[in-house]
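Colleague: I'm new to this one, and I'd like a close look at a single part. Could you take me through the place where the ligand sits, and then what lies around it?

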Amino acid sequence: DKSGLAYSVGVTLDRFIKIKQEDFTFASGELSQLLRDIALASKIVNRETNRAGLANIGGAFGQTNVQGEEQQKLDVIANIRFMRALSKGGEVCAIVSEEDDEVIDLQNKSGKYVVAIDPLDGSSNIDVNISIGTIFSIYRRITPVGSPIQIEDVMQPGANQVASGYVLYGSSTMLVYTTGHGVNGFTYEPSLGEFFLSHPNMRAPQNGKIYSVNEGTYNHFDDGLKSYIQECKKREYSARYIGSLVADFHRNLLKGGIYIYPATAKAPNGKLRLLYEANALAFIAEQAGAKATDGKQRILEIMPSSLHQRTPLYIGSVKMVDEVAQYQKNN
Ligand code: AHG
Ligand code: MN
Ligand code: MN
Ligand code: MN
């Protein structure tokens, strides 16, 4: 069958999407087009990321976003590039972005899809040339196509995602996504301007020896988490914390590991945002045989109550997510 062909390396993203479209759900071709639009924007952001220091687009933009964070110029540029690609692509009716307070209504009477996006993840790393990323979730709108956008269109539980993925602007640039039929990774060849299938059917190790948590806030962690981290040290696990969720998540997915951004006394819901960080990576995690919770429940089951709501995030190898939950239950 043709999908067998899809797993031979050397397949471009476009070809892969076409093969998959014939085999799977998005026969209409609209989701395929939306994925292509996202890939196009990521190529543009990749180029700008790679020359940030030269084009004077590093540093702060001079405004604060709804998160209370000082926006970086590349946050704003990436946001504009993805907005433009999604509105020109014609498949999207509404966008929720980390960098915009309100829902962006694209006034697109035929758009079937809603996108939640973190246009630039790991902003604190832009100026120091460390890997950064983009994270996106795709939903089908709930209310009738062509009718005014309603809040239920943009505040759906993660389990409703029809696709999700991330771009990692790292030592190489990769696009990793799922449409609910497994996870596939593509590596960008800048000289050709194409993403090529490099990581077919990604599966996460069930266990791992890498833990990613910002131990600078250790004193604010609950006792269960503290004892789990002490156990990691006793076992001499590797501590790896990049400060870019996409990069930590991608490494843990490939090698086995856990990323934790817990609730703390200062941040009772942690820092990471449900709609455009946790949900997208939780869908990828589960599709790759890994796990994602808020410490108590599956991320994908959380019913959103506000656009930019935060959630604690425990994501990575199943055995590690389960073990830290055990420590927290026992303490
Ligand atoms: P963003 O740059 O999109 O605001 O996200 C940053 C997130 C995540 O990428 C990273 O793992 C985490 O913030 C780092 O937070 P701390 O600096 O508090 O550890
Ligand atoms: Mn931010
Ligand atoms: Mn982020
Ligand atoms: Mn961001």
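**Around ligand 1**

Modeller: Of the 18 residues around ligand 1, the ones that come nearest are Asp121, Gly122, Tyr241, Tyr259 and Tyr261. Keep in mind that this is a predicted model. Now for the polar contacts. One oxygen atom of ligand 1 sits 2.7 Å from an N or O atom in the side chain of Tyr259. With Gly122 the backbone does the job: one of its N or O atoms lies 2.8 Å from an oxygen atom of the ligand. Glu277 joins in through its side chain, where an N or O atom is 3.4 Å from an oxygen atom of ligand 1. As for cover, ligand 1 has 470 Å² of accessible area on its own, and the protein covers 86% of that.

Next, the metal. The manganese ion (ligand 4) is coordinated at 2.0 to 2.2 Å by Glu98 (OE), Asp118 (OD) and Leu120 (O). Along the sequence, those donor residues follow the spacing E-x19-D-x1-L. Glu98 has a second partner too: it bridges the manganese ion (ligand 4) and the manganese ion (ligand 2), and the two ions lie 3.6 Å apart. Glu98 belongs to the loop between β3 (92–97) and β4 (104–105), while Leu120 is in strand β5 (residues 113–121), so this pair ties together parts that are 22 residues apart in sequence. Both ends of the pair are tucked away: Glu98 counts as buried because its relative accessibility is 2%, and Leu120 counts as buried at 1%.

Let's go on to two helices. In helix α7 (residues 245–255), 9 of the 11 residues are buried, so the helix is largely enclosed by the rest of the structure. You can pick them out as Leu245, Val246, Ala247, Asp248, Phe249, His250, Arg251, Asn252 and Leu253. After α7 comes Gly256, with a positive phi near 90 degrees.

Helix α9 (residues 318–330) lets you check a length. Its 13 residues, at 1.5 Å a residue, should span 18 Å, and the end C-alpha atoms are indeed 18 Å apart, so the two agree. The buried residues in α9 are Val318, Met320, Val321, Val324 and Gln328. To make sense of a list like that, remember that an α-helix has 3.6 residues a turn, so residues three or four places apart point the same way. And what covers the buried residues of α9? Look for strands β11 (210–212), β13 (258–261), β14 (291–293) and β15 (313–316), along with helix α6 (223–234), which are among the elements that do so.

Technical notes. Residues numbered from 1 in each chain as written. Chains lettered and ligands numbered in written order. Predicted model: local features only at pLDDT ≥ 70, side-chain atom pairs only at ≥ 80, totals over all residues. Heavy atoms only, no water. Helix = DSSP H or I, 4+ residues; strand = E, 2+ residues; numbered from the N terminus. Expected span 1.5 Å × (residues − 1). Buried < 20%, exposed > 50% of the residue type's maximum accessible area, 1.4 Å probe, protein only. Contact = heavy atoms within 4.5 Å. Donors = N, O, S within 2.8 Å, 3.2 Å for Na, K, Ca; no water. Near = heavy atom within 4 Å. Polar contact = N/O pair within 3.5 Å; in protein donor to acceptor, adjacent residues only side chain to side chain. Areas by Shrake-Rupley, 256 points an atom, 1.4 Å probe, with all protein chains shown as cover.
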